[in-house]
Amino acid sequence: MIITFLCILAVDFRIFPRRYAKTETYGTSLMDLGVGSFVLANSLVSRQARNIASVNWKTAIVSTSPLIVLGFLRLVTTTGVDYQVHVSEYGVHWNFFFTLAAVSILTSFVNIPPQYSGAFGLLVLVVYQFCLTLGLSTYLLSSERGMDIISQNKEGIFSIFGYWGMYLLGVQLGNYLIFGSHSSGLRSTRWVRMRVWILSIVFWLLTVFLDKHVERISRRTCNLPYVTSVLADNLQLLSILMLGDLIPGSKTSVLEEALNRNLLATFLLANILTGLVNLSVDTLSASSITALSILAVYAYILSTVIGTADYFGVKLKFW
């Protein structure tokens with residue numbers, strides 16, 4: 001998340017390497033991973049992965065209301081100040097907040113036990129990929145749009161199926177690796193570490209195969225190769241971090257703990273500060289020194305606000 005906070009502003013400056021910016025149609029980059037990683041991280045530690053009783057649909061809508069509100073706020077503010085938005089990413093009116101809310105509501109409506117969520121998620125992804133191969137992908141990646149709401153937001157609406165399938169796979173992985181009956185003790189830690197490494201290798205091999213023989217990786221459509229690449233990348237990162245458990249000492253910094261307690265609020269503040277910088281500064285013409293200075297001040301303000309809130313025990317959660 002800290003990398004995400006820095007990248008969403010840094011990408012607006014020329015100093016940011018273009019190879020790390022989001023791809024337009026097919027391919028992978030650092031910032032392409034952010035969206036999928038956010039969904040996967042949520043699923044690995046979700047209520048479903050913990051095998052906690054599922055909430056009803058009314059409670060689900062209430063719990064996702066902040067995401068829906070933030071989605072509309074982003075839409076209104078970006079439209080009101082004529083803020084630059086890449087329509088090809090999610091559509092004219094859609095944004096990632098709506099995608100997160102839709103995935104959460106779908107998961108609550110279709111209540112699946114964690115031990116079966118992986119199989120159901122794979123079914124969703126295979127059917128969705130089959131539709132993409134038959135022509136849906138061409139429709140989603142084309143620049144032509146109709147006047148109806150679905151055509152205006154085709155990328156965001158249809159990619160929900162990809163993110164939902166990814167979420168369901170993450171639920172089973174979280175239950176299997178983290179919250180299962182084997183999740184305590186030294187032996188189980190080695191067991192989990194070994195399986196995370198194996199799963200990472202399997203998903204990487206699957207990604208290479210799908211990218212070559214089925215369809216190239218595309219974040220915009222959230223196709224099956226993109227899902228497997230996100231799983232492979234995150235499991236590889238997780239496996240490396242798990243090796244850190246072999247080193248004695250503190251595992252989490254004070255700043256990480258502060259961000260973790262107010263994660264959505266931090267993400268919202270980062271988006272607000274990013275918007276203010278873009279409205280105040282011509283980022284494309286800024287020199288390297290100016291860009292680094294702005295990024296340093298931005299990171300300092302973000303860390304100070306969230307750190308201060310955490311120090312005084314303020315939890316910025318209103319739902």
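The protein in this predicted model contains 13 helices and 0 strands, and a reading along the sequence accordingly gives the pattern α-α-α-α-α-α-α-α-α-α-α-α-α.

As for the overall form, a compact globule of 319 residues would have a radius of gyration near 20 Å, and the protein agrees with this because its own value is 20 Å. Along the principal axes, the C-alpha trace spans about 55 × 55 × 40 Å. Of the contacts between residues at least 6 apart in sequence, 77% join residues that are at least 24 apart. Buried residues account for 43% of the 319 residues, while the protein exposes about 17,200 Å², of which carbon and sulfur atoms supply 67%.

Turning to the interior, the structure holds 1 cavity of 30 Å³ or more, and the space in the largest cavity comes to about 40 Å³. The lining of the largest cavity is formed by Gln-48, Thr-107, Val-110, Asn-111, Ile-112, Pro-114, Ser-117, Leu-168 and Val-171, and helix 6 (114-141) and helix 8 (154-177) each contribute at least two residues to that lining. Sorted by class, the lining has 5 nonpolar and 4 polar residues, with no charged ones.

A residue at the surface may be considered next. Ile-247 lies in the loop between helix 10 (224-243) and helix 11 (254-261), and Ile-247 counts as exposed because its relative accessible area is 55%, with exposed meaning over 50%. From C-alpha to C-alpha, Ile-247 and Phe-5 are 28 Å apart in space, and in sequence they are separated by 242 residues.

How values were computed:
Residues numbered from 1 in each chain as written. Predicted model: local features only at pLDDT ≥ 70, side-chain atom pairs only at ≥ 80, totals over all residues. Heavy atoms only, no water. 1 Å grid on protein atoms, 1.4 Å probe; cavity = no way out; pocket = protein on both sides within 12 Å on 5 of 7 lines; lining within 4 Å. Points joined across faces, edges and corners; volume = space filled by probe spheres on them. Helix = DSSP H or I, 4+ residues; strand = E, 2+ residues; numbered from the N terminus. Nonpolar A, V, L, I, M, F, W, Y, C, P; charged D, E, K, R; others polar. Buried < 20%, exposed > 50% of the residue type's maximum accessible area, 1.4 Å probe, protein only. Rg over C-alpha atoms; globule rule 2.2 N^0.38 Å. Contact = heavy atoms within 4.5 Å. Areas by Shrake-Rupley, 256 points an atom, 1.4 Å probe, with all protein chains shown as cover.
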